[in-house]
Amino acid sequence: FTISSKLSSMYNLFKGIAEENYDNKLTIIDSYSLSSVMLSHVLYAYEEVKKGTEIEKIVNEIEQRKGTDKLYFVPENLNALKNGGRVSPTIAAIANTIGIKPIIVLKDGALEKDKMIKNTKHAFTDFISEFKTTNPISEYDYILINFDGKQTTIEYIFEKANEILGENVLMDGIVPINVCAHCGPGTIGLLVSPKINGKSIKDYM
């Protein structure tokens with residue numbers, strides 16, 4: 001498994017190695033995702049291998065799992081997006097001055113801007129409330145990830161998540177380096193990932 005080929009060259013690199021050195025006996029899967037969502041796919045494949053499921057069937061089932069997850073990120077400011085040439089210095093300066101920031105969504109394996117928000121705390125509690133209906137906790141893991149995010153914001157989101165989802169449902173994690181490079185320090189993200197045959201990722205920890 002590799003992180004999304006739209007975020008890294010890892011998939012093409014490993015695919016080339018498999019073709020040149022292993023006569024395509026290695027199956028390289030583009031997760032079209034990252035972080036704990038990719039881990040969910042890995043653990044699913046692991047469970048299927050243990051059961052003796054054929055590789056072709058596992059690959060097909062992984063393909064069906066793709067796109068059932070949700071990944072939303074909110075940077076603390078637009079500095080990293082400006083430095084990466086993704087927004088102009090003028091837009092970054094105006095947005096930072098008035099305190100608005102974009103919601104970054106992983107869609108079809110790529111990071112895209114969704115909309116601008118003012119309040120990060122409220123945005124994440126709104127995400128959780130919305131996803132609770134479409135992605136029930138009986139079938140999905142909820143993971144809050146951050147890279148040097150504001151502790152008061154993180155604590156607020158966990159408090160509200162306990163009210164919305166139930167105690168200790170929301171897990172915590174770290175923003176992957178690819179997102180850090182894109183969004184910068186202070187980024188907070190919410191991952192909603194399908195469980196592994198009814199098991200949570202934390203059951204493997």
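These legends describe close-up views of a predicted model. Local features need pLDDT of at least 70 and side-chain atom pairs count only at pLDDT 80 or more, while totals for chains, interfaces and linings use all residues. Residues are numbered from 1 along each chain as its sequence is written, and side-chain values use heavy atoms, with hydrogens and water left out.

**View A. The two faces of helix H3 (residues 55-65).** Helices (H or I, at least four residues) and strands (E, at least two) are DSSP runs, numbered from the N terminus. Ile58, Glu61, Ile62 and Arg65 of H3 are buried (under 20% relative accessible area, 1.4 Å probe, protein chains only). These residues lie on the same side of H3 because they cover an arc of only 105 degrees around the axis, taken from the directions from the helix axis to the C-beta atoms. Glu56 and Gln64 are exposed (over 50%) on the face turned away from the buried side.

**View B. Surroundings of H3.** Helix H2 (35-51) and strand S6 (188-194) are among the elements that cover the buried residues of H3. Gly67, just after H3, has a positive phi of about 85 degrees.

**View C. The largest nonpolar core, with 25 residues.** Such a core is a set of buried Ala, Val, Leu, Ile, Met, Phe, Trp, Tyr and Cys residues joined through side-chain atoms within 4.5 Å. Leu71, Phe73, Val179 and Leu191 have the most contacts inside this core. Its largest share, five residues, comes from H2.

**View D. Contacts of Val179.** Leaving aside residues up to four places away in sequence, Val179 touches Leu34, Phe73, Leu111, Gly184 and Thr187 (heavy atoms within 4.5 Å).
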